[in-house]
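Here are some short exercises to work through with the model open beside you. Try each task on your own, then follow the solution step by step.

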Amino acid sequence: VNLQTSVAGVALSSYLMNASGPKCTTAEELNIIGHSQAAAIVTKSCTFEARQGNPEPRYRDLPLGSIQSMGLPNLGYQAYLDMVPSLKAMGKPVVISISGFSIAENRTMVTAFQQSDADLLEVNFSCPNIPGKPQIAYDFEQTEAALSQLCQLGDKPIGIKLAPYFDMSHFESMAAIIKRYPVKFITCVNSIGNTLVIDPETESPVIKPKGGYGGLCGDYIKPIGLANVRAFRQLLGDDMGIIGVGGIKTGSDAFEYLLAGADAVQIATCFEKEGPSCFQRIEQELSDFMAKKGYQQLSDAKGKLKAL
Ligand SMILES: CC(C)(C)CCc1c(C(=O)O)[nH]c(=O)[nH]c1=O
C-alpha cells in the first residue's frame, strides 16, 4: 500500500514519524531517527537557552503508557539551528519543535528557523507563557496573540502542537481562531497535562517534579487523540495539515488516526519503549492492515470514519 503523504506541502515518504519529546534531544538521538524508517526527523521542543530540565525521577513507564514531567530539557535553539544541515543531509524533512517561555522568545526562535533549511516549524502551545495563567493552548486570548505574532515571519509552514481538548465548545473556539491565521498544520495531541500516578506501596507519586503531576502518554490517551484529530478535521476542513499523535503502537492504531482524518502520525511512547524499529514495524502493519481491506493508498480511507 502506498503510504506516501504530505503535511503543509512537505512530502513524506510514509505516514509515520517520531513525536517531539522522547529520544530526540541530542545529535546522536536525531541521527538514529534519521537512519530509521521514520518519515521525518522531529526535534525535542527547544527553548532560548539550554535547559537541564526537572529533577529525577521525572519519567516513569506505566503498563499502558507513561507519565513524565521532563521540564523541557534541551540543548537550546541555537544548537538545533546548527544541526539542521547535518539533519537535512539524511534526506528526510526536518521538523523543529519550538517552545519559548514568551511570545517574544518564540518570535525570535521562529524567525531564526525561518532562515534555516528546516522544513516544518511546530510551535508547542503547551508552554506556559504568562505565569499564573493557563498554557497558551488553554487560553484563547494568548492563542490569538501568539498566532498574530508567529505566523507571518517567513514562508516555512508554521504548525501548532495542541494540548488535548475535552469540550466541544473548546474545539469550536480554537478552530475559529486558527482559521483567522495562516497556520498550515496542527499536531494533536500533546500529553494529558497534570495527571497523577500514585504508588500505593510507597504511598507516594511515581515522579518527583510538581508533587507528582505529569503528562500522561500512551494507550491511555489514544481515544483523546482520535477525538481531537476528528473534531479539528471536521471544523478546519481538508486543506489543514493534521498530524495525529497519542497512543499509536500498532498498524491498526495508525489506521484509526487515518479514519479520523490525520494526514500523518507521530509516535512518542512506543518509540521511547521499543526504539527506532517501531517505525518500520508499525508501517508494515499499517500497509498489511490496509491491503487486507483492499485499500491502495491513504486517501482511500483518510477521514472516512463511518457513522454507526
Ligand atoms: C510541559 C512543558 C514543560 C511546558 C512543555 C514540554 C513538554 C514536556 C516536558 O518537557 O516536560 N512533556 C510533555 O509531555 N509535553 C510537553 O509539551
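**Exercise 1. Find out whether Cys-151 is buried or exposed, and which cysteine sulfur is closest to its own.**

Step 1. Start with accessibility: Cys-151 has a relative accessible area of 6% and counts as buried. Here, buried means under 20% relative accessible area, exposed means over 50%, and partly exposed lies in between, with a 1.4 Å probe and protein chains only.

Step 2. Next, look for a partner. The closest cysteine sulfur belongs to Cys-188 and is 15 Å away, too far for a bond. A disulfide would need a pair of cysteine sulfur atoms within 2.5 Å.

Step 3. Now widen the search: the structure holds zero disulfides. Cys-24 is likewise in no disulfide, and its nearest cysteine sulfur, in Cys-46, is 11 Å away. Cys-24 is buried, at 0% relative accessible area.

A word on the source before you go on: this is a predicted model, in which local features need pLDDT of at least 70 and side-chain atom pairs count only at pLDDT 80 or more, while totals for chains, interfaces and linings use all residues. Residues are numbered from 1 along each chain as its sequence is written, and side-chain values use heavy atoms, with hydrogens and water left out.

**Exercise 2. Place Tyr-181 in the fold and list what it touches.**

Step 1. Locate Tyr-181 in the loop between α5 (168–178) and β10 (185–188). These elements are DSSP runs numbered from the N terminus: helices are H or I with at least four residues, and strands are E with at least two.

Step 2. Check its cover: with a relative accessible area of 17%, Tyr-181 is buried.

Step 3. List the contacts, meaning heavy atoms within 4.5 Å. Setting aside residues up to four places away in sequence, Tyr-181 touches Glu-144, Leu-147, Ser-148 and Cys-151.

Step 4. Finally, compare sequence with space: Gln-149 is 32 residues from Tyr-181 in sequence, and their C-alpha atoms are 10.0 Å apart.

**Exercise 3. Work out which polar partners the side chain of Gln-142 has.**

Step 1. Find Gln-142 in helix α4 (residues 140–150). At 4% relative accessible area, Gln-142 is buried.

Step 2. Look for polar contacts. These are pairs of N or O atoms within 3.5 Å; within protein, one must be able to donate a hydrogen and the other to accept it, and residues adjacent in sequence count only if both atoms are side-chain atoms. The side chain of Gln-142 has such a contact with the side chain of Asn-129, at 2.9 Å. A polar atom of the Gln-142 side chain also lies 3.1 Å from the backbone oxygen of Pro-134.

Step 3. Add the wider surroundings. Apart from neighbours within four places in sequence, Gln-142 is in contact with residues including Ile-103, Ile-130, Lys-133 and Ile-136.

Step 4. Turn to Asp-139, in the loop between β8 (120–124) and α4. Asp-139 is buried too, at 9% relative accessibility. Leaving out neighbours within four places in sequence, Asp-139 is in contact with Lys-133 and Pro-134.

**Exercise 4. Describe what surrounds the ligand and which residues offer polar atoms to its oxygens.**

Step 1. Collect the residues near the ligand, that is, with a heavy atom within 4 Å of it. Among them are Lys-44, Gln-68, Ser-69, Met-70, Asn-124 and Cys-127.

Step 2. Sort the shell by class: four residues are nonpolar, seven polar and one charged.

Step 3. Pick out the polar pairs. Polar backbone atoms of Gly-71 and Leu-72 each lie 2.9 Å from a ligand oxygen. Ser-191 brings a polar side-chain atom to 2.7 Å from an oxygen of the ligand.

Step 4. Consider the cover: of the 390 Å² of accessible area that the ligand has on its own, the protein covers 77%. Such areas come from the Shrake-Rupley method with a 1.4 Å probe; for residues, only the protein chains shown count as cover.

**Exercise 5. Locate the cis peptide bonds at Pro-57 and Val-189.**

Step 1. The bond from Glu-56 to Pro-57 is cis, with omega near 0°. Pro-57 sits in the loop between β4 (41–42) and β5 (59–62).

Step 2. Cys-188 and Val-189 are also joined by a cis peptide bond, with omega about 15°. Val-189 belongs to the loop between β10 and β11 (192–196).

Methods. Ala, Val, Leu, Ile, Met, Phe, Trp, Tyr, Cys and Pro count as nonpolar, Asp, Glu, Lys and Arg as charged, and the others, Gly among them, as polar.
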